[in-house]
Amino acid sequence: MAEKPELIINGKRNDGRSSGDLRPIKIESNVIKNASGSAYIEWGKNKIIAAVYGPREALPKHTADPEKAVIKCRYSMAPFSSLEEHGRSGPNRRAIEISKVTKEVFENVVMLQDFPGSEINIYIEVLQSDGGTRAAGITAAAVAMASSGIPMTDLPYAVSAGKVGTEVILDLDKLEDNYSDADMPMAIAPIQNKILLLQMDGTLSREEIKRAVSMILKAGEAISKLQIAALKKPYEEISERYAKE
Amino acid sequence: MQMGSILEEYILDTIRKGQRDDGRSFNAYRDISIKSSPLQNTEGSADVLIGNTRVLAGIKIALDEPMSDKPEDGNIITSAELLPIASEKFEPGPPTPEAIELARVIDRGIRAANMIDTKSLFIEKGKVWSVFIDIYVLNYDGNMFDAGTIAAASALFSTRLPKLEGEDVIREGNLERLKPSNLVTSCTFGKIADKILLDMTAPEEMFSKARLTIANDENVVRAMQKGLGGSFSTSELDQMIDLSFEKGKEVRNIIKKATGE
């Protein structure tokens, strides 16, 4: 790997953000006509589509649970999603792990007992990646799930925090992720105030973890607002149309 | 009576009356819109809508070795993914025969029309550029063949060729355009209730007995592919070829407008 670049100069990061700033986020719901629910998210340079299908009969049959619905999740990066070489299509080992932890996020908030014997599929397709795709994917998948009308007890979001040198920073981009001293993605159920996903690698002290968590929770308020606005927008457009008639 | 057969009766009846469910004539495309270069990490990209069918093409170019039988030509590798987000009919997993056929038909049109001059991808002995064309079906409502060809062709027009500086592949900054020397499009027809229809929707494709894709440029047919179990007569073939030149021209004009050619 090339020599480590100076990532924070005079308190500003390479894209001009301060330590606790999110990248710009745009969320749009109902982008895939065929899906039960869907969302498109632009999170910095990340571009991701999430879609939910179901509830539908769980197939093959041995995967069904007679007590509740099962969630199946596929996170996948397009072979053209990164600036480097052409990737391989389909999920690799990293993607399979991300699919698993994403599924577990949604098992906490989707009211699975309402749909025994069925499956709910979450598909996350990363079209363009720039660090933090699992967090952006989960945030989009939550909007997709809610827009499908499948009942949930909370609307989760995810974002990561990490460390560069001695500085704890929020929402690492690809460059920061490559040279960071720690990365810690988290998914949160904001109403229930629960941690649904937590991963970490690198080195963080107890104090640094506390600072990272409080940065994540603060950023989460803004992310939740964007999610809710994206969910409301199609309905607001309909009501505006009716108001005119 | 099964749901499927109720839908089949409805579709067939409508077509027998000379109509289509969405009000189109048999020879009309749905609205086609093209968003050029939506992705910045690719060498070229395009997002194409034909009605509700949405197909994304992403182009990546990589340093590679030439094929042993063509030592002075670059490579073109086309793949297609029928993503599970696109339809409840598509499942995750390795490419299905349908996805492989789709990729190969799109590839054949682009290759046969010499859209990419593979000689221009030669760098030096043993080193060439490989052009990876990935077709991503995001929402399926029929006619992935034309949507895929339009997406691939549009993406190639926005494609920039990386530079080689020593051993490093430079993908950003001031780069040369790929400059395709030709523009190929395809027109896909189906046969339902003995009528020939252009640009089938998903329900129409469900009950279509035969399918024909014709890829052409201004002057000549470059590739064809018949699909499904049914058959066409030679006069039907003539009719479709004539129409493919007329309709292909319309589509090429839409591509030219969207890519600024």
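**Helices and chain contact in a predicted two-chain model**

The buried residues of helix α4 of chain A pack against six named elements of that chain: the strands β3 (25-29), β4 (37-43), β8 (157-164), β9 (167-170) and β10 (182-189), and the helix α2 (133-147). The model is predicted. Helix α4(A) covers residues 206-244, and its 39 residues should span 57 Å at 1.5 Å a residue; the end C-alpha atoms lie 56 Å apart, which agrees with that value. A kink of about 35° is nevertheless found in α4(A) at K233(A), shortly before the proline P234(A). P234(A) itself is among the buried residues of the helix. The others are E208(A), A212(A), M215(A), I216(A), A219(A), G220(A), I223(A), S224(A), Q227(A), A230(A) and L231(A).

In chain B, helix α2 was examined in the same way. Helix α2(B) comprises 16 residues, 97-112, and reaches 22 Å from its first C-alpha to its last, close to the 22 Å expected at 1.5 Å a residue. Its buried residues are A99(B), L102(B), A103(B), V105(B), I106(B), D107(B), G109(B) and I110(B). These buried residues pack against the strands β4 (75-82), β6 (127-139), β13 (210-216) and β14 (221-227) of chain B, and also against the helix α3 (144-157) of that chain. After α2(B) comes N114(B), which has a positive phi, near 50°.

The contact between the two chains draws 28 residues from chain A and 28 residues from chain B. About 2500 Å² of area is buried between chain A and chain B, and carbon and sulfur atoms give 56% of this area. On the side of chain A, F80(A), L83(A) and H86(A) supply 29% of the area buried against chain B, more than any other three residues. One salt bridge is counted between chain A and chain B. In this salt bridge, R171(B) is paired with E85(A), and the closest N and O atoms are 2.6 Å apart.

Cysteines were considered last. A disulfide is a covalent bond between the sulfur atoms of two cysteines. Over all chains, the structure holds zero disulfides. C73(A) has a relative accessibility of 16% and therefore counts as buried, the cut-off being under 20%. C187(B), at 0% relative accessibility, likewise counts as buried.

Key
Residues are numbered from 1 along each chain as its sequence is written. Chains are lettered from A and ligands numbered from 1 in the order in which they are written. This is a predicted model: local features need pLDDT of at least 70, side-chain atom pairs count only at pLDDT 80 or more; totals for chains, interfaces and linings use all residues. Side-chain values use heavy atoms; hydrogens and water are left out. A disulfide is a pair of cysteine sulfur atoms within 2.5 Å. Buried means under 20% relative accessible area, exposed over 50%, partly exposed in between (1.4 Å probe, protein chains only). Helices (H or I, at least four residues) and strands (E, at least two) are DSSP runs, numbered from the N terminus. The expected span of a helix is 1.5 Å times one less than its number of residues. Contact means heavy atoms within 4.5 Å. The bend at a residue is the angle between axes fitted to the seven residues ending there and the seven starting there. Buried area is the accessible area (1.4 Å probe) that two parts lose on being put together, summed over both. A salt bridge is a side-chain nitrogen of Lys or Arg within 4 Å of a carboxyl oxygen of Asp or Glu.
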